[in-house]
Amino acid sequence: MTGRLAARRANRSVALVFTAVVAVVGFVVALAIPGRSGSGSASSGYSAAGVNSVGSGSGGYQPTSQTYPDTTAVSTAPAYSGDALDQLRQYANSDLPAVRATLEDHWVAQLSSKKVGMPANGIVYDAPAILQDHLGLRSRFASVRLIWTEDWSSFRYPDFWVTVHDEPFGTADEANAWCDRNDLPKDDCYAKRLRSTGGYEGNTKVR
């Protein structure tokens with residue numbers, strides 16, 4: 001009897017060890033098969049090592065479908081770099097050739113005239129506020145231009161940033177009529193003639 005019991009116990013031990021070995025081997029094989037859970041996936045489109053990378057282009061996770069709304073806005077104004085004063089200069093420099101080609105010696109509707117340190121509308125304008133004012137008008141109307149008054153002799157002062165509507169008029173009254181049609185305040189919008197020679201007199205007509 002004692003011999004039989006010992007033999008049964010030995011057989012059970014061997015069976016348990018064999019079962020454990022089979023389980024371990026099966027687990028290792030499962031990990032090695034592509035497409036199963038693990039460090040990477042052939043069907044998911046990304047590797048686990050790259051999920052947390054930001055702005056990496058090819059290394060980070062890229063969704064296979066658009067899962068968020070498209071909020072991209074189309075701006076009518078080109079984007080410039082630098083601080084607000086640099087951006088104002090870039091707008092004026094960029095607009096200058098077109099203004100000289102189409103608006104010089106014509107009446108235009110002046111929409112806004114601001115200088116750094118100027119109090120108006122309850123605030124004291126600095127460069128960021130002037131830039132915001134100009135970009136607001138640029139997005140509101142189909143075509144406007146920015147002028148630095150130092151480039152023109154028909155302005156009384158040389159240090160103003162002036163936004164004008166990009167349309168030449170034959171008379172001052174036509175320019176002022178455009179301001180009326182667009183319900184712009186009289187203090188902001190009025191007729192201005194752009195000239196590189198001469199002086200201030202005779203080149204402005206308020207409403």
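These legends go with three close-up views of a predicted model.

**View 1. The largest pocket and the residues around it.**
Here we're looking into a space of about 230 Å³. Strand 1 (107-114) and strand 6 (190-193) are the elements that each give two or more residues to the lining. Among the lining residues are Gln110, Ser113, Tyr190 and Lys192. Also on the list are Thr149, Phe155, Arg156, Tyr157, Phe160, Tyr200 and Thr204. Sort the lining by chemistry and you get five nonpolar, four polar and two charged residues.

**View 2. Strand 1 with strand 5 and strand 6 as its partners.**
Strand 1 is mostly tucked away, with seven of its eight residues buried. Four bridges tie strand 1 to strand 6, and the two run antiparallel. In that pairing, look for Trp107 opposite Arg193. Strand 1 also pairs with strand 5 (residues 161-165), again antiparallel and through four bridges. For a landmark there, find Ser112, whose bridge partner in strand 5 is Thr163.

**View 3. Ala172 and the residues it touches.**
Ala172 belongs to helix 4, which covers residues 172-181. Ala172 has a relative accessibility of 8%, so it counts as buried, the cut-off being under 20%. Leaving aside residues up to four places away in sequence, Ala172 touches Trp107, Ala191 and Lys205. Trp107 is the residue that stands opposite Arg193 in strand 6. As for Ala191, it sits 19 residues from Ala172 along the chain, yet their C-alpha atoms are separated by 5.2 Å.

Key. Residues numbered from 1 in each chain as written. Predicted model: local features only at pLDDT ≥ 70, side-chain atom pairs only at ≥ 80, totals over all residues. Heavy atoms only, no water. 1 Å grid on protein atoms, 1.4 Å probe; cavity = no way out; pocket = protein on both sides within 12 Å on 5 of 7 lines; lining within 4 Å. Points joined across faces, edges and corners; volume = space filled by probe spheres on them. Nonpolar A, V, L, I, M, F, W, Y, C, P; charged D, E, K, R; others polar. Buried < 20%, exposed > 50% of the residue type's maximum accessible area, 1.4 Å probe, protein only. Contact = heavy atoms within 4.5 Å. Pairing = 2+ DSSP bridges.
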